[in-house]
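Open the model in your viewer and keep the selection tool ready. The tour moves from the core outward to the whole chain.

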Amino acid sequence: MQEPTRFLTGITPSGTPHLGNFVGSIRPSVAASRSGGVQSYYFLADYHALIKCQEPERVNRSTLEIAASWLAAGLDPQHVTFYRQSDIPEIPELHWLLTCVTGKGLLNRAHAYKAAQDKNHEAGRDGDDGVSAGLFMYPVLMAADILLFNAHHVPVGRDQVQHIEMARDMASSFNHLYGSHFTLPEAAIEDNVALLAGLDGRKMSKSYDNTIPLFAPREQLKKLIASIVTDSRAPGEPKEVEGSALFQIYQAFATPEETDAMRRAYAGGIAWGEAKQQLFERIDREIAPMRARYDDLMAHPEKVEAVLQQGAQRARAQAQPFLQRLRAAVGLRPLSAAIATPLPKTKPAAAAALPSFKQYREKDGRFYFKLVAADGRVLLQSTGFEAPREAGQAIARLQAEPDALAQLAGQLAPVEGVQPGEAAAALQALAAARDE
């Protein structure tokens, strides 16, 4: 039976959720969590929040608000694993194991770190001025979040793809040193994330102070919608839907039929006050039932805490045995176990003599792999693949299918100096070691 595909989504608790968060992330994610054949993990990344926020009450309050928002919006904790990052002690422990196999050079290339350094250099400051070790190590913690549950896919925007690639690098390094333990995750790129306009027409964002809180009380919601910036066209004058923040927000909540009706109303010269009233009624119709649930959860935080503790128990039921396996792999085992079951003297040498696959990405953006002998010679070299999954599938076939070497010949580049049969012998050695 094929194992289910595992999706993992991190939610950083930073501020109060707004309508833009709902349209762009919460609503589509909740819908996706109901899909069959997948295991979904959603976690509140409160460790990550500490990198940017050192206000304890704000972190705590935001964690409650965001957890309550997702639950009110329909996330079913019985169907998904919903937990708080800081409730899983295996995450920081895995963070350290990964730190020990991760080169500093890899972390030097992280976008967030480089951006902080560039900003300092432009201001004439030392490159690391104000840069915490937490910011520098952020990619390792994110990798631990992902790899602890061997997630197959991580939904991210394009600006986060690098972190998934770095997690793959760390997993590959660990697997190469200690055996195959980690699945190499893939980024599920969210190119179609809806961006909602804010009160001033710009993207709705806390940094612009133009947001509409998702669960604002009914009267506050009405007042905020009334303050959406519009042009000076009078009632009866046709109005443009293009560039209209009011229309864009309406479209994000309305059915196609309702959107068409509003488009006709714009052409017919609807008054801005009437359009705003219709927008308010349409949003409130969808949000009101959720708001009631949200208000109840905010009034009873113990209910949210109970859900998160239940999710933590479910998450740790998987994390604890896996982390024990990783501890044993790196040598953190009970000493009595080592005495009771001494390793054969020839075992380390045999393991060291095995060839290995290395998967990587070149500057052309394509993904490659090579089979390297124990002495460092390259025995097989692939051509480029469009996606890391394709390269990984080819490696899996070479390791599992006796005739894969011939079948994949078109995707392998000749390697000068390699004798006929060397690659096949290396693959046989890997298969024999795996079957021991």
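A nonpolar core here is a set of buried Ala, Val, Leu, Ile, Met, Phe, Trp, Tyr and Cys residues joined through side-chain atoms within 4.5 Å. Keep in mind that this is a predicted model.

**Stop 1: the largest core**

Select Phe-22, Trp-70, Phe-82, Phe-253 and Ile-283. In the largest nonpolar core, which has 54 residues, these five touch the most other members. Now colour the elements that supply the core. Helix 1, strand 2, helix 3 (56-72), helix 9 (218-226), helix 10 (245-253), helix 11 (256-267), helix 12 (272-299) and helix 13 (301-330) each contribute at least two residues. Which helix gives the most to this core? Helix 12 does, with 10 residues.

**Stop 2: around Phe-253**

Centre on Phe-253. Set aside its neighbours within four places in sequence. Phe-253 is then in contact with Leu-19, Phe-22, Val-23 and Arg-27, and also with Arg-282, Ile-283, Glu-286 and Ile-287. Two of the names on that list, Phe-22 and Ile-283, are also among the core residues that touch the most other members.

**Stop 3: a second core**

Select Phe-43, Phe-149, Ala-167 and Phe-174. They are included in a second, separate core of 46 residues.

**Stop 4: a strand pair and its crossover**

Show residues 5-11 and 38-44 as cartoon. These are strand 1 and strand 2, and they pair in the parallel sense over 7 bridges. Add helix 1 (residues 19-33). The chain crosses from strand 1 through this helix to strand 2, a right-handed β-α-β crossover. For one bridge in detail, select Thr-9: its partner in strand 2 is Tyr-42.

**Stop 5: two cysteines**

Select Cys-53 and Cys-100. Which of them is buried, and which is exposed? Cys-53 has a relative accessible area of 12%, so it counts as buried, the cut-off being under 20%. Cys-100 reaches 52% relative accessibility, so it counts as exposed, the cut-off being over 50%. A disulfide is a covalent bond between the sulfur atoms of two cysteines. The structure holds 0 disulfides.

**Stop 6: the whole chain**

Zoom out. The chain has 18 helices and 9 strands. Its C-alpha atoms fill a box of roughly 85 × 55 × 50 Å along the principal axes. Of the 436 residues, 43% are buried. Switch on the surface: the accessible area comes to about 22700 Å², and 53% of that belongs to carbon and sulfur atoms. Last, draw a contact map. Among contacts between residues at least 6 apart in sequence, 72% join residues at least 24 apart.

Terms used. Residues are numbered from 1 along each chain as its sequence is written. This is a predicted model: local features need pLDDT of at least 70, side-chain atom pairs count only at pLDDT 80 or more; totals for chains, interfaces and linings use all residues. Side-chain values use heavy atoms; hydrogens and water are left out. Two strands pair if DSSP finds at least two bridges between them. Helices (H or I, at least four residues) and strands (E, at least two) are DSSP runs, numbered from the N terminus. A crossover is right-handed if, with the strands pointing away from the viewer, the path from the first strand over the helix to the second runs clockwise. Buried means under 20% relative accessible area, exposed over 50%, partly exposed in between (1.4 Å probe, protein chains only). Contact means heavy atoms within 4.5 Å. A disulfide is a pair of cysteine sulfur atoms within 2.5 Å. Accessible areas come from the Shrake-Rupley method with a 1.4 Å probe; for residues, only the protein chains shown count as cover.
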